[in-house]
Amino acid sequence: MKRFNIAVIGAGDMGRNHVRSWIAAGHHVVTICDVDPERLNKLGLEFNVPNLVADYKEAIDDSQIDIVSVCLPLVFHAPVTVYAAQMGKHIFCEKPLASSPAAADEMQKAVEAAGVQFGVGFQRNFSKGVEQVKRWIDEGKFGRPMVMYSDLLQEVRPKVAMHDRNGNQGPVVDACCHTFMMWQTFFHSKPKKVYASGGIMAQGRAEIAHFEQLAIDTAVITVEYESGDIGTITVSWGLAKKFKMRGRPDRIFGPKGGAEGSFNNFGIPAVKIELFEGEHTETVEVKQPDLFKEEFQAFVDAIVSGQPAPVSFKQGREMLKLSHAVLESIETGKIVYL
Ligand SMILES: NC(=O)c1ccc[n+]([C@@H]2O[C@H](COP(=O)([O-])OP(=O)(O)OC[C@H]3O[C@@H](n4cnc5c(N)ncnc54)[C@H](O)[C@@H]3O)[C@@H](O)[C@H]2O)c1
């Protein structure tokens, strides 16, 4: 197995997951970069990483680095990706792909000009729960068309930057992309139209009052696919501090059967799924591996084989387009056709 040298850019929550899982996948994390020295040193010490730097260009310039792993807030995905591509590095970037379609264009142009590989981090879609439900769908256990219901409820994010309309763009862009990926995988189809209602539930909260513009933090979203299947999600990051109510498990059903469980949950040893088929019900438990490790392995396999990365611009753009269509529907009150 070829062992790649990695620079992880960003030492926050995702940075830690990337450092841990690149090492678990058998690669060498040579450098971590973060502008926050405390976070940088703590993560470097935990995983015994030799180079700790504050400037992403310094991390990327290093000739021994093969892959740049981008774990930065959304607005930095484009500049860091473009720079890394210009320096001839492969890039693995956290979701969402980019702040805008124009930023995505810039990234793709740089990646294609450099002839490097680019992957986007939708690790949740590597879940064995998703794989199991997809298998049941493909076997025809549920019939068609299907309806899928997802739910995501959280208090105002401790990472308040997530609420910045001009930064991370709130949960419709930051969080729903995982759910949209799962729906697309199950329905094996493209979204046709979207209708959504929503707003800002956390308006007036002191911890986010400094943002010039708040992102929509709460939405009820319905997406109809070309296949006739429908996905619906209720999402909110606007709830009170220490609010105990949690999102319900995912549910999917068709004319013949259905399933319920947190299909794309990660960081847990096993996913529990209830299968409903006619009169028959059954609880199935599927072991969950380290999903970051799985997605890194798939990315590295693409580099070695010269095949396209399995999750890249195509999926990143599709999810971004759908998220932005949802925001447009909320803002205009109209159905948006894709
Ligand atoms: N795949 C997932 O399940 C998942 C989950 C959460 C977040 N994310 C994504 O991961 C990315 C990072 O999110 P996070 O939760 O780790 O955020 P975070 O706030 O925990 O970490 C971001 C880090 O980037 C550092 N940073 C900011 N600007 C920098 C710069 N110019 N140069 C160097 N360091 C800089 C910050 O100091 C911080 O330590 C986002 O795109 C987010 O949407 C993905």
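## A salt bridge between the domains

Asp-174 and Lys-95 join their side chains in a salt bridge, with 3.4 Å from N to O. Keep in mind that we're looking at a predicted model here. Side chains of opposite charge can pair when their charged atoms come close. To place this pair, it helps to know how the chain is carved up: domain 1 covers 5–116, while domain 2 is made of 125–289 + 320–337.

The rule turns up 2 salt bridges across the interface of domain 1 and domain 2. Sorted by class, the face of domain 1 that touches domain 2 holds 6 nonpolar, 2 polar and 2 charged residues. As for polar contacts, 3 residue pairs make them between domain 1 and domain 2, counting pairs with both residues at pLDDT 80 or more.

## How the two domains meet

The C-alpha centres of domain 1 and domain 2 sit 27 Å apart. In terms of contacts, 10 residues of domain 1 touch 11 residues of domain 2. Together the two domains bury about 830 Å², and 60% of that is on carbon and sulfur atoms. On the domain 1 side, Leu-74, Lys-95 and Pro-96 account for 48% of the area buried against domain 2, more than any other three residues.

Two of those names come up again in the backbone. Lys-95 and Pro-96 are joined by a cis peptide bond, with omega at about -15 degrees. Pro-96 belongs to the loop between β5 (90–94) and α5 (101–114). So much for the interface; on to the sheet.

## The nine-stranded sheet

There's an open sheet of 9 strands with mixed pairing, and its order reads β14-β13-β12-β11-β7-β10-β9-β8-β15. The edges are taken by β14 (280–287) and β15 (336–337); each has a single partner strand, so one side of each is left without a neighbour in the sheet.

Further in, β9 (residues 218–225) runs antiparallel to β10 (residues 230–239), and the two pair over 7 bridges. If you want a spot to look at, Ile-221 stands opposite Ile-233 in β10. Strand β13 (residues 270–277) pairs with β14 in the antiparallel sense too, over 8 bridges. In that pairing, Glu-274 has Thr-283 of β14 as its bridge partner. The link between β13 and β14 is a hairpin with 2 residues between the strands, and Gly-278 in the turn has a positive phi of about 55 degrees.

## Charges along a helix

Searching the whole structure gives 20 salt bridges. One that sits inside a helix is formed by the side chains of Glu-131 and Arg-135, at 3.2 Å from N to O. Both residues lie in helix α6 (residues 128–138), 4 residues apart, which is about one turn of the helix.

## Backbone spots to check

Beyond α6, the chain has another cis peptide bond, between Arg-144 and Pro-145, with omega at about -5 degrees. Pro-145 is found in the loop between α6 and β7 (147–155).

Then there's His-188, whose phi is near 50 degrees, a positive value in a residue other than glycine. His-188 is placed in the loop between α8 (176–187) and β8 (191–199).

How values were computed: Residues are numbered from 1 along each chain as its sequence is written. This is a predicted model: local features need pLDDT of at least 70, side-chain atom pairs count only at pLDDT 80 or more; totals for chains, interfaces and linings use all residues. Side-chain values use heavy atoms; hydrogens and water are left out. Domain bounds come from an automatic or database domain assignment. Contact means heavy atoms within 4.5 Å. Buried area is the accessible area (1.4 Å probe) that two parts lose on being put together, summed over both. A salt bridge is a side-chain nitrogen of Lys or Arg within 4 Å of a carboxyl oxygen of Asp or Glu. A polar contact is a pair of N or O atoms within 3.5 Å; within protein, one must be able to donate a hydrogen and the other to accept it, and residues adjacent in sequence count only if both atoms are side-chain atoms. Ala, Val, Leu, Ile, Met, Phe, Trp, Tyr, Cys and Pro count as nonpolar, Asp, Glu, Lys and Arg as charged, and the others, Gly among them, as polar. Two strands pair if DSSP finds at least two bridges between them.
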